[in-house]
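Biologist: Could you walk me through how the chains in this one fit together?
Modeller: Gladly, let us look at it together.

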2 protein chains.
Amino acid sequence: MRITVLAGGVGAARFLQGLRTAYPEAQITVIGNTADDIWLHGLKVCPDLDTVMYTLGGGIDAGRGWGRDDETYSILEELRAYDVPPLWFTLGDRDVATHLVRTQLLNAGFGLDQVTAALCKRWQPGVTLLPMSNDRVETHVVVDTPEGRSAIHFQQWWGQYRAELPALDFRFVGMEQAQPGPGVVEAIGDADVVVLPPSNPVVSIGPILSVQGIRDAVASGPAPVVGVSGIVGGRPVKGMADKCLAAIGVQADSAAVSAHYGARQLGGLLDGWVYESGDPAPDAALASLATSTLMHDAHSTAELARETIGLVT
Amino acid sequence: MRITVLAGGVGAARFLQGLRTAYPEAQITVIGNTADDIWLHGLKVCPDLDTVMYTLGGGIDAGRGWGRDDETYSILEELRAYDVPPLWFTLGDRDVATHLVRTQLLNAGFGLDQVTAALCKRWQPGVTLLPMSNDRVETHVVVDTPEGRSAIHFQQWWGQYRAELPALDFRFVGMEQAQPGPGVVEAIGDADVVVLPPSNPVVSIGPILSVQGIRDAVASGPAPVVGVSGIVGGRPVKGMADKCLAAIGVQADSAAVSAHYGARQLGGLLDGWVYESGDPAPDAALASLATSTLMHDAHSTAELARETIGLVT
């Protein structure tokens, strides 16, 4: 079975662990969000790609769900001592090594897809990890500050302001020129099933679907498409998706998120929707499953993955 | 008093500590060797400048004499795990922060002199630290390997081969185009005394003197020039200067090194020479002082500095 997953960071990575356990023989391709990428201190940082790579490769800080295990923070201390902004990004030393290797390979002329494959040679995530695009796309957040309205990088909004500064809009800078990365459209077209895991619909899955050709490939492809709600009881399980949904006028509600993606029958993307028992049911045009969506441990995560794939295959 | 010092790494940095202690009111300008600079993993590394900056700024690993105190090595461990060469350079995490800041500023278009000044804002070394040149110069070492004759970067010869691979020649790649850094020639011309501290004559002081205009500025400037031998009892106090001297046909001998610089009266650079008691005396054309040149502690180091300056002023 060929399973293609559109992935953000923490939630997607956890779900992918379950998917790999539940379907050890499957060919899993992950199309990773790169719109939260940022250049920091001259280094190209790809938080979502790295979260997936570290999680599946056994190098994640399991407690936080992001960043490296056994991490040290000497560099961050030094950058503070040098007083070189920005200082709101938690840049661990081990993580910096990844960014150094990535930046060096990018500067040598390799595409982000090739660089990601090179990094994955070490981590052996057991999936094929493809950046949504090799082109630079950055999510910027429109906010009002005492100095007036401005657009700041998503990572600044997230890291410095903890999403407390109301987001008026999200802009995927560079999106109009961005082409899907090598293999991305093919991975959707060749899939037996396409999954939208419990990632942030606005700033994780949203950018992937906004890359020219990707939404069409998902909507008009032969494979059934199934989504998993990351909203439980009206709140995101992790992260700040509610703040992001509010900015685009979507309620932080499992059913509203499924309506945001839309049922394929009604011109949307989804064939199936998996959501937390007790939450509002999605449109009847969708195959749906109310179940326990919380990924407490390896067993419950694999079970969720099995139920999700099972719903549409 | 204005004192200008041509400086390599460890020996010069130690001497400068003594000089600063002995002459707290002096304006000390350090012209730093940049020919051992290297681009590593996309980062601009300036070992000699950093050794001076860290030593005088209180951030040096005092035991080794180079690198940062309280250092961690997470990045190096990761680079080994990624198997990304070169791995023979001991790149500490705190040190990497310096290189990140430097590289980012260089990429923003600042000259190495400006970047060095920016880094020194934090370290407050108590001297003005000027790179010998803002232009890229790299010392390469001609060696015979089983694969034939080749030229490798000085840092590779030093770090990977521990200078055990016989050096057939040293080449300062880029030297012909290199201009003295801003303020360098002026610092020599305006000095009350110029010092060649106990640095490697071949790969530390040698490149500085090879930058177009610097040797002339020293030789024909108004200030007396005094050198301190880094060779004691026919061996370098620290480092591998004997291997370097052999490559250019100079004996590892204090008197031979003074002859290599030459007495100003005889068309060379030096007015005075300070060397270890018991070692061979230099040419009689030089004012000379046989004394204890070992910089055991703060007191003996300051005393050596005082004797050195006193010999020619």
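**Two chains and a pair of helices**

Modeller: To begin with, this is a predicted model, and in it a rotation of 180 degrees, with 0.0 Å of shift along its axis, superposes chain B on chain A with an RMSD of 0.0 Å. That is the relation of a two-fold axis.

Biologist: OK, and which residue of chain B comes closest to the rotation axis?
Modeller: That is B:Asp93, whose C-alpha lies 3.3 Å from the axis. The same surface serves both copies, since 100% of the contact residues of chain B recur in chain A.

Biologist: How many residues does the contact take from each chain?
Modeller: It takes 20 residues from chain B and 20 residues from chain A. On the chain B side, helix H3 (74–82) and helix H4 (93–107) each supply at least two residues, and H4(B) gives the most, with nine residues.

Biologist: And what kinds of residues are on that side of chain B?
Modeller: The residues of chain B that touch chain A divide into nine nonpolar, seven polar and four charged.

Biologist: Switching topic: at what angle do H1 and H12 of chain B pack?
Modeller: Helix H1 (residues 10–22) and helix H12 (residues 298–312) of chain B pack at an angle of about 80 degrees, and their axes are 7 Å apart. H1(B) and H12(B) are therefore roughly perpendicular to each other.

Biologist: Which residues make that contact?
Modeller: Among them are B:Phe15 and B:Leu19 of H1(B), together with B:Leu304 and B:Arg306 of H12(B). The residues of this contact between H1(B) and H12(B) divide into seven nonpolar, four polar and two charged.

Key: Residues are numbered from 1 along each chain as its sequence is written. Chains are lettered from A and ligands numbered from 1 in the order in which they are written. This is a predicted model: local features need pLDDT of at least 70, side-chain atom pairs count only at pLDDT 80 or more; totals for chains, interfaces and linings use all residues. Copies are superposed by least squares on the C-alpha atoms of residues with pLDDT of at least 70 in both. Two residues are in contact if their C-beta atoms, placed from the backbone, lie within 7 Å. Axes are lines fitted to C-alpha atoms, for helices over the stretch in contact, and angles run from 0 to 180 degrees between N-to-C directions. Helices (H or I, at least four residues) and strands (E, at least two) are DSSP runs, numbered from the N terminus. Angles under 35 degrees count as roughly parallel, over 145 as roughly antiparallel, 65 to 115 as roughly perpendicular and the rest as oblique. Ala, Val, Leu, Ile, Met, Phe, Trp, Tyr, Cys and Pro count as nonpolar, Asp, Glu, Lys and Arg as charged, and the others, Gly among them, as polar.
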